[in-house]
Amino acid sequence: MTATTTAAPAALHRSLKQRHVVFIGLAYMSPFAVFDTFGIVSEATKGHVPMSYIIVTIAVLFTAFSYAKMVRVYPSAGSAYTYTRRTIAAPVGFLVGWAALLDYLFLPMINALLAKIYLSAEFPDVPGWVWIVGLIVVITALNIVGVRISAVANMIMVVFQALLAIVFVLLTMRAIMSDNALAFSLAPFYSMNEDVASLVGGASVLALAFLGFDAVTTLSEEAIEPRKTVPRAIMWVAALGAAFFISVTYVMQTLVPDLDALKAITPDIEGASPYIALFIGGIVFQTIFLVGATVSVVSSGLASQLSASRLLYAMGRDGILARKLFGYVHPKLGTPVINILVVGAIALTALRLDLNAATSLINFGAFTAFAFVNLSVVAYWLRHRRHEVLHGSVLAWTVVPGIGFVINVWLWISLDQLAMTVGLIWAGLGAVYLIWLTRGFRRPTPDVAFEEADEPMLVREPRA
């Protein structure tokens, strides 16, 4: 037998430290998302946006705990898709990954639409398509060059957004204290006319703001010491995001405690934040605020395209999608170039769609992924409890993720009818594709090819 030498396939480069992963997650989360949704959620919850954020934060923290457990077990680029197929079943993992594609693939398009909205308001004479195409070209080029460059760019932009948000909060507090009719109280969290159903409905919309803690799991194969770095980053992103969103919306809701007060400041409920910025800081601060919003769009666009391309890479490497295309990594750049271009091309559909049509799809995929990650923790414990000594108590492996699963299902069924309809159609298409792929389940669903050993090193007690 003649031995043949073949070149090793290109792989993702491990270059990200914990701070890089945290900032990519925060950028994906997009701190300015709190301003984009404030008006519509304030109207839906009758002036209780901070309380809706607390509800979704509870769901997120339970789910972040489960993600942290799973990423220690399977430090792979596939995120919820990988965890579900390894712990429950390969076909279920496929369908979860298929549903998760909704929020991964459509978020770059939403950022392109937001870029057009913000910049067209400032430069109305420039055609809207210029901003959409321009943003997509820039973020695609940066992501192709390398994940490290994208991470550094995101760090700079997240810091800028955070500083601008702090100024926004301080100016809002000044406006509140200068108005004798306003005072800081618990009213944004609780009042007699509070409606639980509307709060949960608001929380189901706000989940979009928390996608960053989930997205960092797709960077497991590019992180240095992923079993240590990524779980910590997950909890940091979730905690920092929650504190930021609740604090900002609390002062905003105190300034405009009801719909009448909000309408007195802004003629546009959906685009309320720029008008609030004008009210608290004048035209100069409003201009700076719009610059920050544009930076947010670029930052989130970079991070969302990065994560979407990694999910396609995981599915392509496993043979779920065409391996030669989606499983390809450029040998010199160490990035999945084809996937990045595909995600950029999908984002170009922003030229034909509106913001409502795009955002209605995202949370369907997000809550599906969140629910099954919680379920994966329980499934892993059921499979390994007899022959492995697992770190943590039975409570941590069953009750905590079980609560996270129930909360996410509750939020999932609270989505609006359009999101449920389109999401279920998308899931049905995924099921049909899976049946074709497996030839009616006569063939196995292609298995996951791990770079890491299958043994979950950090969930077992060290042997003597």
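This section describes helix packing, aromatic pairs and selected residue environments in a predicted model.

Helix α3 comprises residues 49–73. At 1.5 Å a residue, its 25 residues should span 36 Å, and the end C-alpha atoms are indeed 36 Å apart, so the expected and modelled spans agree. Of the 25 residues of α3, 18 are buried, and the helix is therefore largely enclosed by the rest of the structure. One of the helices that α3 meets is α4, formed by residues 80–87; the two axes come within 10 Å and cross at roughly 70°. Because angles of 65 to 115 degrees count as roughly perpendicular, α3 is placed roughly perpendicular to α4. On the α3 side the contact is made by Y67, M70 and V71, and on the α4 side by A80, Y83 and T87.

Aromatic side chains were examined next. A pair of aromatic rings is described by the distance of the centres and the angle of the planes. The count comes to 19 aromatic pairs. In one of them, the ring centres of W98 and W426 lie 4.6 Å apart with the planes at 20°; since planes under 30 degrees apart count as stacked, the pair is assigned to that class. W98 belongs to helix α5 (residues 90–122) and W426 to helix α18 (residues 417–437), so this pair ties together parts that are 328 residues apart in sequence. The two partners fall into separate accessibility classes: W98, at 12% relative accessibility, counts as buried, whereas W426, with a relative accessible area of 22%, is partly exposed. The pair formed by F244 and F245 has its ring centres 5.7 Å apart and its planes at 70°, and is therefore edge-to-face. F245 has a relative accessibility of 0% and so counts as buried.

W98 and W426 also take part in a cluster, in which ring pairs link them with F94, Y433 and W436. W436 has a further partner in R439, whose charged end sits over the ring of W436 at 4.6 Å from its centre. A corresponding arrangement involves α3, which spans residues 49–73: the charged end of K69 sits over the ring of W397, 4.0 Å from its centre.

Three further residues illustrate individual environments within helices. V205 lies in helix α8, which covers residues 196–206. With a relative accessibility of 33%, V205 counts as partly exposed, since that class lies between the limits of 20% and 50%. Leaving aside neighbours within four places in sequence, V205 is in contact with V41 and N363. The C-alpha atoms of V205 and V56 are 9.2 Å apart in space, although these residues are separated by 149 residues in sequence.

T368 is located in helix α15 (residues 355–384). Its relative accessible area of 14% is under the 20% limit, and T368 is therefore buried. Residues up to four places away in sequence not being counted, T368 touches A99 and W412. Of these, A99 falls within residues 90–122, the extent of helix α5.

V130 occupies a place in helix α6, which runs over residues 128–145. At a relative accessible area of 30%, V130 is partly exposed. K116 is 14 residues away from V130 along the chain, and the C-alpha atoms of the two residues are separated by 8.1 Å.

How values were computed. Residues are numbered from 1 along each chain as its sequence is written. This is a predicted model: local features need pLDDT of at least 70, side-chain atom pairs count only at pLDDT 80 or more; totals for chains, interfaces and linings use all residues. Side-chain values use heavy atoms; hydrogens and water are left out. Helices (H or I, at least four residues) and strands (E, at least two) are DSSP runs, numbered from the N terminus. The expected span of a helix is 1.5 Å times one less than its number of residues. Buried means under 20% relative accessible area, exposed over 50%, partly exposed in between (1.4 Å probe, protein chains only). Rings of Phe, Tyr and Trp (its six-membered ring) pair if their centres lie within 6.5 Å; planes under 30 degrees apart count as stacked, over 60 as edge-to-face and the rest as tilted. A charge sits over a ring if NZ of Lys or CZ of Arg is within 6 Å of the ring centre and within 35 degrees of the ring normal. Contact means heavy atoms within 4.5 Å. Axes are lines fitted to C-alpha atoms, for helices over the stretch in contact, and angles run from 0 to 180 degrees between N-to-C directions. Angles under 35 degrees count as roughly parallel, over 145 as roughly antiparallel, 65 to 115 as roughly perpendicular and the rest as oblique.
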